[in-house]
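Let's walk through this one together, from the whole chain down to a few individual side chains. Keep the viewer open as we go.

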Amino acid sequence: IDSYIKSGREKGLYEGTQILIKEQAKNESEIVISLTDKSYVFRSGVFSLSSVKKGSDILCLYSFLISDLYEYFIFITSGSWGVSTRPQIRLDDEYLTFPYIVPNKDTKATLIALITEFIKPYKSHYEQFSLGEPQKNNIIIENVNKTVHKLYNVSGYEKDLIDYVLNISRYQFQESKQALFTKKVNSNLDILNLYANVFLEEFKKIYKDEYLQIEVYPLNYFIAMNFVFSKELPDTEVVIVNDDTNEKEVLKRIANNLSISKLTNSKDSTKNIYVQKDIKGFEQNSFYIIKPNEYKCWHRAIAWYDVAEIKEAIEYAELNRLKESLNGA
């Protein structure tokens, strides 16, 4: 195959369609991967994947490299990205270790069409020697991600985990970006609904004769969700309670033994919501989850962890009740 990797004095390294990969991350947490169909000589610190005759293959490969799955892979395998203030990502043992699945003809055509459309505004922008850069087409990127996910059989909680890593985990070492994951979400009903829907989806698989309704209390300092079981199908599965209910009234409504003082107990860190980051409890026909009003606490990926913990607690309680019933008999 007419392709080249590595820097050197060979002319072919700088010709044809090229993917340019920068070893230095941008703004500490963004990998830099560019595409060009012009000949360029680049300096040390930039690597090239190039081909004169296989331009379509380069376009297809580029679609993989700008996908969130590839970015996630680099984050979890890189030796310095995410832990260093000036991270450098190596070519041979980091950038090029991604497991490549050869797409079929239709998938390859789809990815090439998406990338061809994606780069159009960039070509137009740089032909005019304009400053800055054009707005990224997020709809095309989303379609690239969907296509790559399908190829790699990424689904369900795996997509949410990728999103959590790229939008929360990778920023946690950067002091300047703390607000990206500690921002308040009590007014962002989309995020709260995405979290709640994980519980609805999972409990529908378990209980065929009971229904779950989730009451959401988006308060200023913390957010509470009350999960209520019923024999009747509710009109609305997720109810956002946006009245002027204060924290004290919310705790009284969802639990018999909770108070503000217990949530902020400085003597017992396991009961302090700002140390523990979540408080879970069970009532007769319901259970509740209370967490600080922060994005990282209510991301959909965390819902998968929480629902597993709740299911385990319910199964344990039901098993104990069954044992007591058998012993009593």
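**A walk through the chain**

The protein chain exposes about 19300 Å², and carbon and sulfur atoms supply 50% of that area. Keep in mind that this is a predicted model. The chain runs to 329 residues, 43% of them buried, and it contains 12 helices and nine strands. Take the contacts in the chain with a separation of 6 or more: residues 24 or more positions apart account for 65% of them.

For a look at the inside, start with helix α1, which covers residues 55-65. Eight of its 11 residues are buried, so this helix is largely enclosed by the rest of the structure. The buried ones are G55, I58, L59, C60, Y62, S63, F64 and L65. What do they pack against? On the strand side, the partners are β2, β3 (30-36) and β4 (46-51). The helices packing against them are α2 (68-77), α3 (105-118) and α5.

Strand β2, one of those partners, spans residues 17-26 and is home to K22. Is K22 buried or exposed? Neither, quite: K22 has a relative accessible area of 38%, so it counts as partly exposed. Leaving out residues up to four places away in sequence, K22 touches V32, G45, V46 and Y95. Take V32 from that list: K22 and V32 are 10 residues apart in sequence, yet 5.5 Å apart in space, C-alpha to C-alpha. K22 also belongs to a positive surface patch, together with K26, R43 and K136. A residue needs over 30% relative accessible area to join such a patch, and K22 clears that bar because its value is 38%.

Now for charges that do find a partner. Side chains of opposite charge can pair when their charged atoms come close. A search of the whole structure turns up 17 salt bridges, and three of them make a good tour.

The first stop is R90 and E94, whose closest N and O atoms are 3.2 Å apart. The two ends of this bridge sit in different surroundings: R90 is partly exposed because its relative accessible area is 44%, whereas E94, at 2%, is buried.

Next, look at helix α5, another of the elements that α1 packs against. Here K146 forms a salt bridge with E142, with 3.6 Å between the closest N and O atoms. Why are these two well placed along the helix? An α-helix has 3.6 residues a turn, so residues three or four places apart point the same way. K146 and E142 are four residues apart in α5 (residues 138-151), so about one helical turn separates them. E142 counts as partly exposed, since its relative accessibility is 44%.

The last stop is E309 and K280, whose side chains meet in a salt bridge at 2.9 Å, N to O. This pair links distant parts of the chain: E309 lies in helix α12 (residues 300-328) and K280 in strand β8 (residues 279-282), 29 residues apart. Both ends are partly exposed, E309 at 33% relative accessibility and K280 with a relative accessible area of 23%. E309 and K280 don't stand alone, either: a network of salt bridges links them with D278, K291 and D306.

How values were computed: Residues numbered from 1 in each chain as written. Predicted model: local features only at pLDDT ≥ 70, side-chain atom pairs only at ≥ 80, totals over all residues. Heavy atoms only, no water. Patch = residues over 30% accessible without salt bridge, like charges linked within 9 Å, V, L, I, M, F, W, Y side chains within 5 Å. Areas by Shrake-Rupley, 256 points an atom, 1.4 Å probe, with all protein chains shown as cover. Salt bridge = Lys/Arg side-chain N within 4 Å of Asp/Glu carboxyl O. Lys, Arg positive; Asp, Glu negative; His and termini not counted. Charge placed at Lys NZ, Arg CZ, Asp CG, Glu CD. Buried < 20%, exposed > 50% of the residue type's maximum accessible area, 1.4 Å probe, protein only. Contact = heavy atoms within 4.5 Å.
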